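Biologist: I should like to learn how to read a model of this kind, feature by feature. May we begin with the interior and then move outwards?

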Amino acid sequence: MGGIGKTTLSKKIYHLFHEQYDKSSFLEDVKSKNIEDLKKQLLQDLCGRKKNNVEVMNGDDLKHIEETMISKKVFVVIDDVDEKLINDLSKVLAFQGKNRKSNVIVTCRNWGVLEGHLDLNGRFEVPYLNKKQAMELFLLHTFHNTKQVEKGFENIVEEIVEACAGLPLSLEIMGGFLHKKQSLDMQTRLQFWKGALKKLRTGKNLDGGKKDILWQSLEISYRDLDQPEKDMFLDIACYFGGLKEIIALQIWDSESSTLELQNLKDRSLVKVNKDGNLTMHDQLRDMGRKFAKEEEENRIWDPKTNLQNLQEQKVVITTSNYYLFLNL
């Protein structure tokens, strides 16, 4: 999912190891660039040949890149690839089988894009931070240390770290945002922190202005979904979290439901825990519920709103374990 640290981790690995290779190249945020520019960067990084913006890549240039990948020890990182560029970049991915000394790292939000191009054995799903790691990252950005919590802030720090649920981007943004208010007195800061936590839990922007980079990052994955997948995502965000996967599929009762759910899993938007229950990261859930409200979707998860809608003969009864849909 967005904000889990794919780019940060791959950058760190690249800077640690690229000098051990004959040639190396880091293609960052490739989905926002055109294939010609990416090929020119590869030509320069791997072959030492530079082309200006006007010049067009030709067959000889591409052959030179391929020959270098096969004949030399090469390290390439392709960051944030999507389905639009994967076929054009397939030659870069293919050289691994021809040169065992070379390596390629690809970061992606959707494993389905990479299937057929990379070996499943090479897949690594970046995990959430554990509580200790999450606390250290939050303290680093909030108090500029990884151990000491300011007196009086112990409880609210615990609440915020728990609400971020191990997502690095969320911890960084919250920490940096709260650090800016260090000059305020303690009581004012505490109230400010509580307000920021409430906004985080309801999917709102921290400063009330333009969208935070956190929500921008998470929204990309949602906006890229087809409509049936968006509907399924909102269902899970609003009231299917914790429900058995097999029961949810029976409720959706569509020939394409299994495929749509698998697409959500491939994008790390939804997971199935060891008990077979659907789960979703807290920030994804909160974002989904926010979208459901904004789009006036008929999905209700709050008990008070449930009661009001039932009295008005609207839609859904929910309990902690059972879901009953009524056509009233």
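Biologist: Which residues have the most contacts inside the largest nonpolar core?

Modeller: Please keep in mind that this is a predicted model. A nonpolar core is a set of buried nonpolar residues joined through their side-chain atoms. Here the largest such core has 56 residues, and those with the most contacts inside it are F138, V157, I160, M174, W193, F233 and I236. Helix α11 supplies the largest share of this core, eight residues. Apart from this core lies another, of 24 residues, among them I35, C47, L85 and C108.

Biologist: Which residues is F138 in contact with, leaving aside its neighbours within four places in sequence?

Modeller: A contact list is read by asking which heavy atoms come within 4.5 Å. For F138 the list comprises V157, I160, V161, L171, M174, G175, L178 and W193. Of these partners, V157, I160, M174 and W193 are also named among the residues with the most contacts inside the core.

Biologist: Is W193 buried or exposed?

Modeller: A residue counts as buried when its relative accessible area is under 20%. W193 has 0% relative accessibility, and therefore counts as buried. This tryptophan has its place in helix α9, residues 186-201. Not counting residues up to four places away in sequence, W193 touches F138, T142, F143, F153, I156, V157, I160 and L178.

Biologist: Why do the buried residues of helix α12 line one face of the helix?

Modeller: One first lists the buried residues and then looks down the helix axis. In α12, residues 245-252, the buried positions are E245, A248 and W252. Seen down the axis, they fall within an arc of 60°, so they line one face of the helix. Those buried residues pack against α11 (227-240), α13 (257-266), β4 (271-272) and β5 (278-279).

Biologist: Which exposed residues does the face of α12 turned away from its buried side carry?

Modeller: That face carries I246 and Q250. I246 has a relative accessible area of 57%; because the threshold for exposed is over 50%, this residue is classed as exposed. I246 also belongs to a nonpolar patch on the surface, formed with I247 and I251, and the three together have about 240 Å² of accessible area.

Biologist: What follows α12, and what is the sign of its phi?

Modeller: The backbone angle is read residue by residue. α12 is followed by D253, whose phi is positive, near 50°. Another aspartate to inspect is D29, which has a positive phi of about 50° although it is not a glycine. D29 lies in the loop between β1 (23-27) and α2 (35-47), and at 30% relative accessibility it counts as partly exposed. D80 has a positive phi too, near 60°. This residue is found in strand β2, residues 74-81, and D80 is buried, with a relative accessible area of 12%.

Biologist: How many helices and strands are there in the chain?

Modeller: The chain has 15 helices and seven strands. Of its 328 residues, 43% count as buried. To read how the chain is joined across its sequence, one takes the contacts between residues at least 6 apart; 63% of these join residues at least 24 apart. Finally, the accessible surface of the chain comes to about 18,300 Å², and carbon and sulfur atoms account for 49% of that area.

How values were computed: Residues are numbered from 1 along each chain as its sequence is written. This is a predicted model: local features need pLDDT of at least 70, side-chain atom pairs count only at pLDDT 80 or more; totals for chains, interfaces and linings use all residues. Side-chain values use heavy atoms; hydrogens and water are left out. Buried means under 20% relative accessible area, exposed over 50%, partly exposed in between (1.4 Å probe, protein chains only). Helices (H or I, at least four residues) and strands (E, at least two) are DSSP runs, numbered from the N terminus. The arc is that of the directions from the helix axis to the C-beta atoms. Patches are made of residues with over 30% relative accessible area and no salt bridge: like charges are joined within 9 Å, nonpolar side chains (Val, Leu, Ile, Met, Phe, Trp, Tyr) within 5 Å. Accessible areas come from the Shrake-Rupley method with a 1.4 Å probe; for residues, only the protein chains shown count as cover. A salt bridge is a side-chain nitrogen of Lys or Arg within 4 Å of a carboxyl oxygen of Asp or Glu. A nonpolar core is a set of buried Ala, Val, Leu, Ile, Met, Phe, Trp, Tyr and Cys residues joined through side-chain atoms within 4.5 Å.
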